[in-house]
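Biologist: Please take a close look at a single enclosed space in this model, and then follow the chain outwards from there. I would like one connected account.

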Amino acid sequence: MIWNQQVEMLSRADMTAWQSYKLAKLIERVYEKSILYKSRMNEYELLPEKIANLNELKRLPVTTKQDITANYPYGLLTMPVSGVSYIHTSQNGKKNAAMSYTRNDMGMWSELMSRILVAGGVNVTSIFQWAGIMEEHIPSIGISSGIQRIGATLLPECRSSKVEQLRSIEDFGVTSIFSTACYLLQLACEASSKGYKPTELPLQNIFCDANFVSQNQSEEIEQVYGKKPNQVYGIYDIWGMGIAGECHCNAGLHIQEDCFYPEIIHPKSGQVLPIGETGELLLTSLTLEAMPLLRFCTGIICSLDDSPCACGRTLIRMRKSAENNCS
Ligand SMILES: [Zn+2]
């Protein structure tokens with residue numbers, strides 16, 4: 001099933017037109033409202049009218065995590081704090097970082113997580129639980145609201161022990177779980193040692209944080225649980241989960257590109273690379289209201305694939321490179 005066919009199956013031409021339209025609006029807004037971006041655009045002599053389409057975006061400098069910590073807590077806001085409905089704080093090294101979201105931004109997370117969870121098999125009859133991820137982390141906020149939007153049942157994390165977690169999955173008939181690869185494998189070990197068979201658990205859909213899963217771990221999870229995990233990508237301390245997610249085609253993670261415009265750059269030269277080449281993923285948030293970021297350096301090494309996917313979705317896919325330091 002596809003949650004939002006209108007967007008997820010949009011033609012490439014229509015998606016590009018939408019992204020160009022949103023980009024032009026975004027550039028105008030950050031030039032007017034963001035001290036950082038205005039000063040950078042002036043420095044590079046790039047007035048908003050000079051970045052009227054996606055091809056010209058590459059003329060702008062990138063945004064880094066250091067830019068976010070240097071502008072902590074409100075320096076990158078494009079509106080008064082009264083317009084903010086949620087603030088997520090984190091530590092980047094020894095420095096503080098904060099991301100602000102409006103009510104519409106939070107609504108967007110809910111929509112994006114609904115698309116990704118449905119692509120992974122969640123439906124209105126699913127009983128969903130996250131495991132091994134602290135409840136206050138931003139991924140769980142987006143995931144919870146996505147589950148509610150779909151109309152599935154959300155079960156709070158069982159925090160006491162892995163044995164209790166396994167019992168919780170059995171008692172409540174949990175069909176869908178979101179966790180890290182490491183925790184899922186530990187849970188499978190615990191299950192085996194206590195006489196449970198992971199393949200006999202009621203789980204039908206397994207979601208894994210794409211930041212913390214290697215190819216080997218993914219294969220191991222499939223082996224022990226009898227199901228391939230669906231990876232979900234987000235940036236924990238910046239944008240949470242919901243930027244990209246896998247369908248069942250094993251063909252990469254579909255990027256929610258109506259909201260996040262992706263580019264791949266050469267990690268050293270910074271030059272934009274053509275589709276299919278491997279480099280660092282940059283993302284421009286096209287729709288975020290409170291703290292939009294232009295060309296944010298994700299640190300993820302991947303390539304992009306815009307060929308048709310067997311699932312019917314036209315959203316571009318990111319294929320992570322083995323160079324990423326997953327553990
Ligand atoms: Zn697909």
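Modeller: The second largest cavity holds about 40 Å³ of space, and it belongs to a set of 2 cavities of 30 Å³ or more that a search of the whole structure turns up (a cavity is a set of points on a 1 Å grid where a 1.4 Å probe fits but cannot get out, and its lining residues have an atom within 4 Å of a point). The model is predicted, with local features needing pLDDT of at least 70, side-chain atom pairs counted only at pLDDT 80 or more, and totals for chains, interfaces and linings using all residues. Numbering runs from 1 along each chain as its sequence is written, and side-chain values use heavy atoms, without hydrogens or water.

Around this second largest cavity stand Tyr-37, Arg-40, Met-41, Leu-60, Pro-61 and Leu-294, a lining that divides by class into 5 nonpolar, no polar and 1 charged residues.

One lining residue, Tyr-37, is also touched by Leu-293, which is found in the loop between strand E11 (279–285) and E12. Leu-293 is buried, with a relative accessible area of 0% (buried means under 20%, exposed over 50%, partly exposed in between). Apart from residues up to four places away in sequence, the contacts of Leu-293 (heavy atoms within 4.5 Å) also include Thr-63, Ile-68, Leu-76, Met-99, Ile-238 and Trp-239, together with Leu-283, Thr-284 and Ser-285. Of these, Leu-76 is 217 residues away along the chain, yet its C-alpha atom is separated from that of Leu-293 by 8.5 Å.

Strand E12 (296–305) also leads towards the metal site, since Cys-311 lies in the loop between E12 and strand E13 (317–320). The zinc ion takes its protein donors (N, O or S atoms within 2.8 Å) from Cys-247 (SG), His-254 (NE2), Cys-309 (SG) and Cys-311 (SG), at 2.1 to 2.3 Å. The 4 donor atoms subtend angles of 105 to 115° around the zinc ion, and the arrangement is therefore tetrahedral (all angles between 85 and 135 degrees).

Along the sequence these donor residues follow the spacing C-x6-H-x54-C-x1-C. His-254 lies in strand E9 (residues 253–255) and Cys-311 in the loop after E12, so this pair ties together parts that are 57 residues apart in sequence. The two donors differ in accessibility class: His-254 is buried, at a relative accessible area of 1%, whereas Cys-311, at 22%, is partly exposed.

Note on methods. Donors are N, O and S atoms within 2.8 Å of the metal (3.2 Å for Na, K and Ca); water is not among the atoms, so sites may look incomplete. Four donors count as tetrahedral if all angles lie between 85 and 135 degrees; four count as square planar and six as octahedral if opposite donors are over 155 degrees apart and all others between 65 and 115; anything else is irregular. Helices (H or I, at least four residues) and strands (E, at least two) are DSSP runs, numbered from the N terminus. Buried means under 20% relative accessible area, exposed over 50%, partly exposed in between (1.4 Å probe, protein chains only). On a 1 Å grid over the protein atoms alone, a cavity is a set of points where a 1.4 Å probe fits but cannot get out, and a pocket is an open set with protein on both sides within 12 Å along at least five of seven lines; lining residues have an atom within 4 Å of a point. Grid points are joined across faces, edges and corners, and a volume is the space filled by probe spheres set on the points. Ala, Val, Leu, Ile, Met, Phe, Trp, Tyr, Cys and Pro count as nonpolar, Asp, Glu, Lys and Arg as charged, and the others, Gly among them, as polar.
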